[in-house]
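This report describes a structural model, element by element. Please look at the sequence and the model before reading on.

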Amino acid sequence: MPSLGADMDAGTISEWLVKPGDTVSRGDVIAVVDTDKAAVEVESFDSGVVDELLVGPGERVPVGTVLATISTAAEQASEYPPPTPTGPPAPQQPAPPESPPPSPEPAAPPRRPPEPPPAARTVPVASPLVRKRAAEAGIDLASVHGTGPGGVVTREDVERLVSPRATGRVRASPYARRIAGELGVDLSRVTGTGSGGAIRALDVHAVTERAGTVEAARAEEGGGTAPREATGEERGETRQEGLRRATADLMARSKREVPHYYLSTTIDLSRAMTWLRERNREVPVEERLVPAALLLKASALAVRRVPQLNGFWCGDHFEPAPAVHLGVAISLRGGGLMAPALRDADGLDVPELMKRLRDLVARVRAGRTRSSEMTDSTITVTNLGDQGVETVFGVIYPPQVALVGFGRVVERPWAVGGLLGVRPVVTATLSADHRATDGYTGARFLGTLDRLLQAPEVL
Amino acid sequence: MTADHGHEAGRRPGPPADAGTKRRFELLRQMLRIRRFEEKCVELYSAAKIRGFLHVYIGEEAVAAGIVPSLEPGDAIVSTYREHGHALARGVPLEALMAEMYGRITGVSRGRGGSMHLFDADTRFYGGSAIVAGGLPLAAGLALADRMRGHRQVTACFFGDGAVAEGEFHECLNLAALWRLPVLFCCENNLYAMGTALARAQAQTDLALRAASYGMAAWPVDGMDVLAVEDAARQALGMVRDGGVPCFLELRTYRFRAHSMYDSDRYRDKAEIEAWKERDPITALVSRGRADGELTDEGLAALEEEIAVEIERAVEAAEAAPMEPVADLTRFVYSERT
Amino acid sequence: MNEKRVTYREALREALREALAGDDRVFLMGEDVGRYGGCFAVSLGLLEEFGPERVRDTPMSESAFVGAGIGAALAGMRPVVEIMTVNFSLLALDQILNNAATLLHMSGGQFNVPVVIRMATGAGRQLAAQHSHSLEGWYAHIPGIRVVAPATVEDARGMLPTALADPDPVLMFEHVSLYSTEGELGGADRQVDIDRAAIRRPGRDATLIAYGGTLVAALAAAEELSGEGIEVEVIDLRTLRPVDDATVVGSVRRTHRAVIVDEGWRSGSLSAELSTRITEQAFYELDAGIERVCTAEVPIPYARHLEEAALPQPAAVVEAVRKAVG
């Protein structure tokens, strides 16, 4: 069981995406683990053939428990061309494509099928997760048009086919559900008159009285899917509560253990905004940049120059991180907060960073985070400008030692050299762990950040 | 087995076995039986045959042996979690006690009580209570019932020095004195409330004095001298039974082993323990018997043999005894109505 | 014997008198039960009638005299122990929980404890936070004892003989607001069945579950709702342990809605227990969420308006039923 977060002690396998005998490659998603905070896809760190799954779905095990064994013999098979089979044909794989996929890190990267495809029929390429989802939904992958790189079937392709059947959860009392079942009434066709539109027994009776039993019998056909959807929804609620609780625990721990200090400065963004405007004028809409991307990039570079803020507090000492993985605080629909990492953010150019950011936000909000993104953030940036906030005083994610907050970019009267003008400005704040650094270091960071944002063209 | 046995062996003919000799041999038998039973319990606990908490009575045998046989058959006993000795001296069958240690259905409490909760209706043994001082109110109530019905029975209530610090102790001594309840309060002062020395827990360490403040006869007794205990018990029981008043004995004694199995015993000096072992009540009585010519080696060996056989049989029976069926788990939460 | 109008207090006294007269194993003890006549005047006159041996004033030693009652019961007596209020009973909780409730089981069935422990419970008389709480729900948590709460004059009269006939410990909770209430008393020596909850008012639209002092509020609410055309079935639990699931669940199966009135605090309460039992046994009968009306989670305050605001009032019960019925 991999550690998928600083606050994770144990995790539950929610599903296996491989089975013994399957060939996996380093980086393949092989399982989904529920960490209370999120369902996280677990990647394989080895290539080979799955020997044995040691922990079953639903089992909760501590971090460090061996989940499965992979025989690395097959790694050779993938590195060398398969020899002419002399014995019974073993599951083997074609060599990986030489050229990398066009998109650097799509949600569902192309996967090689774990078994040799039957010659007669073309089954499109799809990841194990996508296959499983398709199988559950009763969708034949061969009938799906893949929109991923090279025609790969993505999860979205499958979900598009599934979703028309999925209806929202019906709010109905247990008694109403029971009699609806007995009378063959499809609850999705009943109008609820109870609190919050809940369907009650009298609403069900009203339908049967109005429509008569023939209509009710016809309505029965569509009734089958409702309970299954309800179950999924209920599980979703539980996870959201788990996320809230996990956030609560972590934040409480932070406020309990971490002596925060806070610094704030207002930064003139007139140059940065001008640069952005000019650049955006030259590129297609989908490639346009938002100020947040600049702020993130500048933060990443600033923290590289003030490395005392980039890393972890380990019991009694600070350990600097070798790279800058920027945790980006993303609020979830329906509440809760996650801060997955933009890895090596200091080395990405701004357009690339922007692209990664979009991808990350979309996947986090869809509940599909990769395990590597859930760990190892070295410093977190939270931007509440979208919400109209001017100043953010954030709470540090332990064991990180700093959190950078940005508010809204606003126009303000601004005096320079005795002259007053109107400039776009942003308030940048730093919450930092006083055990690791002092205000002097924090001030240096904010000063560096300011200077960097005055030269957007070199970011 | 009596002292006559040694006499018959004829090697060291002593004086003819008078009533006093017989009585002293009986006291020795009581104490030795308790000692050997407790030693077996320690062994069985180490072998994980007995689990839970186990508090043995080794060192304190003179108290139970001196007091309990002085009671009449209809008298009642309320005891604590260190009560194996009281139960054995009372005549609760050793086999049923051992079975209870094993948690078997043949145990005195059908395996529901264990070492700390031995009960026996036949001998009016109202149990070991594992709440310090928790048994005192029961004793007051048992005595109240006997008095209200005009019975001449006495309730003997055993508790440790730790109980004197509890509110229930003072409430009950006051109530017993106020209502003239026939209770013999037997405070086994072994100087430690678990690991806390008496002087570290109580401002006034003269416990008899504190009992006396409630207006009842109360005095300290050498709890390592079984004959002294027996004398005191007879005197006190006479006052309770005939005088219709409660009485308090502070029995100054010492436990040779830890509070319960495997405490670290860090709170006592080894020298202190050794000094008290010099006053081992069994050794003392044996020495005296030998010196007086009342007790022969053969007589002692025969007694040991008799006790060893009894205990071994009890262990065998307990090993072979059935468990209470799990289906009966909830039996006796409420009375079974017929 | 003709029906007569008596107070709840008089009904309890009558039951005690009859028990003392009819069985010489029975005796009453507690603080100020004799000369004073009982803190709530329940035992007024009994000392004169039965003497100080059988109507015993005790010292302020709850643990000692409750424990002595348990001990006397072990020895075959039938003691009735009175504790002034449930708050004081906590001083005897050790004896009730560690001895009365455990001895039969712990002794492998050898020693039953036929003691009856009576105490006043509840608020409403501006007695503030150390005389007003409703902790009967705590006692209802304990296996090995039976917990009853007479809510009517008839039950005040009839529960004591039934409790004294019980071979096991019975705790009887008398709500302070009931002592002066009046009601009809039927036949002379009628024991009541404490195994069954009672339906005090039949109805079809919702089941309203109450006990002890809250029955009054429940019945008042039911009357008001009836004026709106909502017919509520009011159940008086009577026995809080063991709960008569059959009557409660049977009613919910008919009405499909449940509202619980409990003078205990909401968290970890008897109402929580009832609610769970209903969902365990009749989930698919429920046409609305279960509603609870409980005491505000505060120590009961002295000032009248605050005390009233803390307690389950008929208006809140009406509101809860309206919400359930929708």
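## A strand in chain C

In β11(C), which residue is the bridge partner of C:T207? The partner of C:T207 is C:E233. This pair belongs to a predicted model, as does everything described below.

C:T207 lies in strand β10 of chain C, which covers residues 206–210 and runs parallel to β11(C), joined to it by five bridges. Between β10(C) and β11(C) the chain passes through helix α9 of chain C, residues 214–227, and the resulting β-α-β crossover is right-handed. Strand β11(C) also pairs with strand β9 of chain C, residues 198–201, this time in the antiparallel sense and over three bridges. One of the residues involved is C:R201, whose bridge partner in β11(C) is C:V234. In general, strands of a sheet pair through backbone hydrogen bonds, and the pairing may be parallel or antiparallel.

Strand β11 of chain C spans residues 232–236, and five of its five residues are buried, so the strand is largely enclosed by the rest of the structure. The burial applies to both faces: C:V232, C:V234 and C:D236 are buried on one side, and C:E233 and C:I235 are buried on the other.

## Chain C as a whole

Chain C has 326 residues, of which 59% count as buried. Its secondary structure comprises 13 helices and 14 strands. When contacts in chain C between residues at least 6 apart in sequence are considered, 78% of them join residues at least 24 apart.

## The sheet of chain B

Chain B contains an open sheet of six strands, with parallel pairing and the order β2-β1-β3-β4-β8-β7. At its edges stand β2 and β7 (217–222) of chain B, each with a single partner strand, so one side of each has no neighbour in the sheet. Neighbouring strands of this sheet are turned against each other by 15° on average, direction ignored.

The edge strand β7(B) is joined by six bridges to strand β8 of chain B, residues 247–252, and the two run parallel. Within this pairing, B:A218 has B:F248 of β8(B) as its bridge partner. Helix α6(B) packs on the sheet, where it touches β1 (76–80), β2, β3 (155–160) and β4 (183–189) of chain B. The direction of α6(B) makes about 170° with that of β3(B).

## A buried helix in chain B

Is helix α5 of chain B, residues 94–101, largely enclosed or left open? Eight of its eight residues are buried, so α5(B) is largely enclosed by the rest of the structure. The buried residues include the charged-lettered pair B:E95 and B:E100 as well as B:L94, B:L97 and B:M98.

The buried residues of α5(B) pack against three helices of chain B, namely α2 (19–46), α4 (84–90) and α13 (297–320). After α5(B) comes B:G103, which has a positive phi near 75°.

## Where chains meet

How many residues of chain B are in contact with chain C? On the chain B side there are 33, and they are in contact with 33 residues of chain C. The elements β2 (125–129), α6 (136–148) and α7 (167–179) of chain B each supply at least two residues to this side. Helix α6(B) gives the most, with 10 residues. By class, the side of chain B that touches chain C divides into 18 nonpolar, nine polar and six charged residues.

Chain C is also in contact with chain A, through eight residues of chain C and nine of chain A. On the chain C side, four of these residues are nonpolar, two are polar and two are charged.

## A sheet in chain A

Chain A has an open sheet of five strands in the order β6-β1-β3-β4-β15, with mixed pairing. The edges are formed by β6 (60–62) and β15 (369–370) of chain A; each has a single partner strand, so one side of each is left without a neighbour in the sheet. Inside the order, β3 (residues 29–34) and β4 (residues 39–43) of chain A run antiparallel and are joined by five bridges. One such pair is A:V29 with A:E43 of β4(A).

## Confidence in chain B

The mean pLDDT of chain B is 93, and 94% of its residues reach 70 or more. Residues 1–14 of chain B, however, have pLDDT under 50 throughout, and the model has 31 contacts beyond four places in sequence for them. Where pLDDT is low, the predicted coordinates should not be read in detail.

Methods: Residues numbered from 1 in each chain as written. Chains lettered and ligands numbered in written order. Predicted model: local features only at pLDDT ≥ 70, side-chain atom pairs only at ≥ 80, totals over all residues. Contact = placed C-beta atoms within 7 Å. Nonpolar A, V, L, I, M, F, W, Y, C, P; charged D, E, K, R; others polar. Helix = DSSP H or I, 4+ residues; strand = E, 2+ residues; numbered from the N terminus. Buried ≥ 20, exposed ≤ 12 C-beta atoms within 10 Å, placed from the backbone. Pairing = 2+ DSSP bridges. Right-handed = clockwise from strand over helix to strand, strands pointing away. pLDDT = per-residue confidence, 0-100. Axes fitted to C-alpha atoms, helices over the stretch in contact; angles between N-to-C directions.
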